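Please take a moment with the sequence and the model below before reading the explanation.

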Amino acid sequence: MLRLIKNFFIVFGNLFKRPRTVVYPKEKIIIPDGSRGVLHLRLDPDSLEIICSGCGVCSMICPQNCIEVKKRVEENGKEVLEEFCLDLSKCIFCGNCVEFCKMNAIDMSYQYQLAEYKKQDLRLEKNELIKPSVTIREFW
């Protein structure tokens, strides 16, 4: 009986305390610095062109083979990125592609809410990976 009364006061006391966890949809948290989210292709600030030349080091170093890179050579001999695809259904967000990129053209964003209904929606093309809104560290 004494244990029952003691537990009653513990439960009654917890009714008036603030919750220790975040209520997800209503409250937002600050994303910690250094978090790994979706890849982001960086742009040259002067010309607003993609820095990536399509060398393919990121696709070779990826342990899950979730990156596909295709390049083309222009008339002046410059290599240009033609296609860059990221399959988020395979990606483990290890960061190897960012670390081994020689041109520093890939960055990890803070976007990690990635739920989709269809698996093909998890395949991101070059145009979706250059959007600047996903690189800002903010409340989501």
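What follows goes from the nonpolar core to the salt bridges.

This is a predicted model, and a useful place to begin is the largest nonpolar core, which has 22 residues. Within this core, the residues with the most contacts are Ile 67, Phe 84, Leu 86 and Ile 106. Four strands, β1 (39-41), β2 (67-73), β3 (79-87) and β4 (106-108), each supply at least two residues of the core, and β3 gives the most, with three residues.

Phe 84 deserves a closer look. Leaving aside its neighbours within four places in sequence, Phe 84 is in contact with residues including Leu 41, Ile 67, Val 69 and Ile 106, and with the charged residues Glu 68, Glu 125 and Lys 126.

Glu 68 leads on to the salt bridges, of which the structure holds four. The side chains of Glu 68 and Arg 123 meet in one of them, at 3.0 Å from N to O, and this pair links distant parts of the chain, since Glu 68 lies in strand β2 and Arg 123 in strand β5 (residues 123-124), 55 residues apart. Glu 68 counts as partly exposed because its relative accessibility is 36%, and Arg 123 is likewise partly exposed, with a relative accessible area of 31%.

Another salt bridge joins Lys 71 to Glu 79, with the closest N and O atoms 3.2 Å apart; Lys 71 is partly exposed at 37% relative accessibility, as is Glu 79 at 35%. Glu 74 forms a salt bridge with Arg 72, where the closest N and O atoms are 3.8 Å apart. Finally, salt bridges that share partners join Glu 68, Arg 123 and Glu 125 into one network.

How values were computed: Residues numbered from 1 in each chain as written. Predicted model: local features only at pLDDT ≥ 70, side-chain atom pairs only at ≥ 80, totals over all residues. Heavy atoms only, no water. Core = buried A, V, L, I, M, F, W, Y, C linked by side-chain atoms within 4.5 Å. Buried < 20%, exposed > 50% of the residue type's maximum accessible area, 1.4 Å probe, protein only. Contact = heavy atoms within 4.5 Å.
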